[in-house]
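Trainee: I would like a close look at a single part of this model. Please take the place where the two chains meet, and go through it step by step.

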2 protein chains.
Amino acid sequence: MSDAKQPLSSLSAAQLRDYLAAQQRAYTVLQERGLALDLTRGKPSTAQLDLSDELLHLPVTVKDGDGVDCRNYGGLTGIRQIREMFADLLWVEPEQVVAGGNSSLTMMHDCLVQMLLHGAVDSARAWARDERVKFICPVPGYDRHFTMLASYGIEMIPVDMLADGPDADAIEALVATDAAIKGMWIVPTYANPSGSVISMEVASRLAAMPTAAPDFKIFWDNAYAFHHLTEQEAKGVDILSVCSGAGHPNRPIMFASTSKITYAGAGVAFLAASAENVAWYLRHQQFASIGPDKLNQLRHVQYFKTPQGVRDLMVKHREILAPKFAAVDAALTAELDGLEVATWSKPTGGYFVNLDVLDGTAGRVVALAKAAGIVLTPAGASFPGGHDPRDRNIRLAPSFPVLADVETAMAGVATCVALASAEKLAARHTAAASTPEGE
Amino acid sequence: MSDAKQPLSSLSAAQLRDYLAAQQRAYTVLQERGLALDLTRGKPSTAQLDLSDELLHLPVTVKDGDGVDCRNYGGLTGIRQIREMFADLLWVEPEQVVAGGNSSLTMMHDCLVQMLLHGAVDSARAWARDERVKFICPVPGYDRHFTMLASYGIEMIPVDMLADGPDADAIEALVATDAAIKGMWIVPTYANPSGSVISMEVASRLAAMPTAAPDFKIFWDNAYAFHHLTEQEAKGVDILSVCSGAGHPNRPIMFASTSKITYAGAGVAFLAASAENVAWYLRHQQFASIGPDKLNQLRHVQYFKTPQGVRDLMVKHREILAPKFAAVDAALTAELDGLEVATWSKPTGGYFVNLDVLDGTAGRVVALAKAAGIVLTPAGASFPGGHDPRDRNIRLAPSFPVLADVETAMAGVATCVALASAEKLAARHTAAASTPEGE
């Protein structure tokens with residue numbers, strides 16, 4: 001208890017000066033180590049990829065369970081067995097699932113493009129014909145969701161991501177009156193980067209809320225549905241049923257993939273939606289594809305064998321990932337606990353730790369880290385346009401480096417946070433001291 | 001010589017009646033065989049797919065020549081070695097090549113969509129903002145090219161496909177004055193379905209011709225670049241250099257794939273274009289993809305080893321395919337030679353035989369064949385909107401069935417052609433006979 005640190009803001013000017021000097025010395029030592037570490041992206045590590053080595057020797061046969069030669073053309077929906085397997089895992093029906101190529105981002109993009117050029121299944125016309133199209137973007141969120149919208153000039157309306165999902169009050173109010181709001185992004189389980197898991201209550205409100213746009217869509221990016229970090233596994237909301245029950249069966253389109261189950265670049269992506277949405281997707285996709293890589297789908301079927309095979313594999317991922325997330329927490333706690341200069345998430349799943357530092361210091365922390373050889377995701381990356389209005393949010397991605405490197409990098413990051421915080425508070429003291437009395 | 005058949009149109013009414021009756025008997029016999037054969041699509045046969053069995057046991061290592069772990073995210077251009085390999089084969093530079101997923105159709109679609117939503121690299125604005133967008137479509141041509149355009153409401157202007165490529169006179173006249181014509185399709189080598197190979201002269205005219213649209217694009221679908229049926233191998237035109245030399249470096253975008261080299265559904269697709277076009281493509285693609293399946297690219301590199309490995313494999317394909325094309329020619333010749341009711345191509349490469357029958361009988365031939373258990377591509381499929389104004393064109397795809405089935409099916413098709421021709425000519429006789437004299 002005697003070691004408990006004092007809030008940095010409660011230090012006297014002299015104490016703070018000493019603390020700042022100590023952090024500057026620590027940072028110099030850090031720089032002298034000449035590190036080259038990278039915590040930027042949510043990439044599986046080599047050890048995780050190695051778990052699926054067996055895939056390299058599959059498939060052992062080239063015909064799927066229906067006798068289809070997976071080497072040849074065709075089969076826009078993907079092969080039946082992998083649709084059934086992931087329908088089971090995602091709590092949907094096989095007919096609601098399309099198995100695609102190696103990138104769920106591509107399936108999201110395909111949907112968005114077809115909505116722009118043709119309109120959604122329930123649109124009066126192509127979205128591109130409207131003067132303005134807007135999307136609700138929970139923040140902090142996934143940068144690739146935002147850059148995709150930005151590339152098509154779609155306006156982004158940030159809404160806070162809370163512990164139980166996006167701020168439903170704010171969303172309800174926005175969509176009720178603005179017909180230009182055509183959709184929203186959501187990472188429902190172990191959100192990127194907050195780690196939030198949407199509650200059934202919030203999901204139900206999103207499913208049921210009246211929207212001024214009759215063709216409002218929820219892009220439900222279920223990227224981390226099975227990516228638990230503890231034995232307390234979050235059970236994902238069955239959004240297709242919930243929306244259907246609320247009278248809006250065509251509102252959600254779910255996306256998922258095995259990118260963080262087998263191979264990040266060579267997995268299988270999925271789309272799940274109402275029968276009508278699936279038909280809409282396939283109707284447009286038929287002009288854009290000769291069918292997905294069925295051989296890779298078959299390879300995955302033969303590897304997993306059953307849905308339980310996927311769950312078993314995820315336990316092995318957890319065993320590799322959980323110590324890295326513990327290391328992040330330990331490093332931040334050791335350096336920053338009690339200082340009241342930072343808060344961070346303790347996610348129970350997913351790929352990220354969300355670190356919030358003092359307002360106005362996130363960019364400085366990332367710059368300091370970079371100068372010390374620790375590359376972090378650019379500050380603000382989790383906000384539309386890369387702009388965090390409070391400049392306080394940092395996304396930490398500890399999955400890729402080996403554990404020892406995570407420990408080293410995070411100790412360094414903690415030093416950078418401490419230094420940037422001390423700099424900021426010291427500047428306040430200086431500003432206060434230099435203000436002439438009586439003014 | 002004594003067996004040489006007489007032109008059907010030169011038969012007397014009685015002779016034609018006999019001929020028709022004989023064909024009807026032959027057709028009845030054909031129907032009674034209860035065949036179930038399919039000549040619809042240009043799909044590789046099982047024997048062809050089996051040539052690449054070795055792929056099923058690759059890759060033996062997961063890192064590419066640059067040390068990149070192909071299992072993980074990234075690398076939007078595709079891996080260096082496969083780009084180098086296909087740059088060599090396609091006579092372009094590696095920097096001009098992007099290696100993608102399993103479908104070149106998808107890369108064509110990606111380009112078209114980005115031109116619609118953003119404009120090409122040299123467009124003043126997005127094509128979708130124009131009231132009308134038109135494409136020149138050589139006919140007969142590839143149905144998927146046309147259905148893709150139709151799905152976006154792009155107007156198609158048919159231009160005849162000649163022996164040395166599309167009718168350059170007609171194209172030059174069209175593009176010179178109509179700024180709404182934004183592009184054209186072309187299968188330059190062993191065209192689908194005519195088998196034509198574009199000449200350097202025609203290609204040079206397409207490269208050099210003034211176009212009213214400053215952003216006119218040639219979608220150069222090099223699907224059959226290496227797909228020779230004889231030892232007289234057509235040498236493809238290096239369209240990127242030709243256009244560059246003509247002052248239009250950004251005019252062509254070339255597409256190719258290993259779909260008919262390794263696996264139709266699990267190969268690797270390629271795009272090749274000017275540096276500026278490649279940068280344009282990647283700039284948009286970055287929002288739509290986490291990168292192609294690099295592991296499948298690496299698998300192909302390890303399988304082919306060198307560009308010569310691709311050429312060697314194509315010889316094995318030829319050995320399987322050439323007898324089937326010979327069987328098509330033999331069956332048509334045996335039944336129809338001298339009758340002057342049909343002409344057909346004798347392609348030296350590619351996947352199709354182009355059969356032209358008497359005007360107004362193509363639909364009837366396809367219907368007769370279908371009723372006898374022989375499925376052909378729908379008549380008119382090789383024309384925009386599926387509409388062949390003369391109803392005479394039939395696309396024969398003999399690659400997929402085994403040789404014996406091609407022989408059986410084509411003998412049946414020849415019977416159907418003979419029958420439909422006799423029906424048509426007999427109807428003329430009847431019509432002429434029933435016309436009262438003096439009117």
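Mentor: What follows is a walk through the contact between the chains, with two short stops elsewhere.

Keep in mind that this is a predicted model. Start with the extent of the contact. On one side, 50 residues of chain A take part, and they touch 50 residues of chain B. Together the two chains bury about 4,200 Å². Carbon and sulfur atoms account for 55% of that area.

Which residues of chain A lose the most area to chain B? They are Arg71(A), Tyr73(A) and Phe287(A). Together these three make up 19% of what the chain A side buries.

Now the charged pairs. Between chain A and chain B there are four salt bridges. Arg71(A) takes part in a salt bridge across the interface, with Asp53(B) as its partner. Their side chains meet at 3.6 Å, N to O. That falls inside the 4 Å limit, so the pair counts as a salt bridge. Arg71(A) thus appears twice here: in the trio that loses the most area to chain B, and in a salt bridge to Asp53(B).

Polar contacts come next. The count between the chains is 21 residue pairs, with both residues at pLDDT 80 or more.

Which helices of chain A each supply at least two residues to the side that touches chain B? There are α2 (46–50), α4 (104–117), α5 (143–151) and α10 (294–304). The largest share comes from α4(A), with seven residues. Sorted by class, the chain A side has 22 nonpolar, 18 polar and ten charged residues.

Step back to the salt bridges of the whole model. Over all chains the count is 42. One pair lies within chain A: Asp169(A) and Arg205(A), with the closest N and O atoms 2.5 Å apart. This pair links distant parts of the chain. Asp169(A) sits in helix α6 (residues 168–177) of chain A, and Arg205(A) in helix α7 (residues 200–208) of chain A. The two residues are 36 residues apart.

One last stop, inside chain B. The axes of helix α3 (residues 80–90) and helix α11 (residues 307–336) of chain B come within 8 Å. They cross at roughly 60°. The two helices α3(B) and α11(B) are therefore oblique to each other. From α3(B), the contact uses Met85(B), Phe86(B), Asp88(B) and Leu89(B). From α11(B) come Pro307(B), Val310(B) and Arg311(B). By class, this contact has five nonpolar, no polar and two charged residues.

Methods:
Residues numbered from 1 in each chain as written. Chains lettered and ligands numbered in written order. Predicted model: local features only at pLDDT ≥ 70, side-chain atom pairs only at ≥ 80, totals over all residues. Heavy atoms only, no water. Axes fitted to C-alpha atoms, helices over the stretch in contact; angles between N-to-C directions. Helix = DSSP H or I, 4+ residues; strand = E, 2+ residues; numbered from the N terminus. Parallel < 35°, antiparallel > 145°, perpendicular 65-115°, else oblique. Contact = heavy atoms within 4.5 Å. Nonpolar A, V, L, I, M, F, W, Y, C, P; charged D, E, K, R; others polar. Buried area = accessible area lost by both parts, 1.4 Å probe. Polar contact = N/O pair within 3.5 Å; in protein donor to acceptor, adjacent residues only side chain to side chain.
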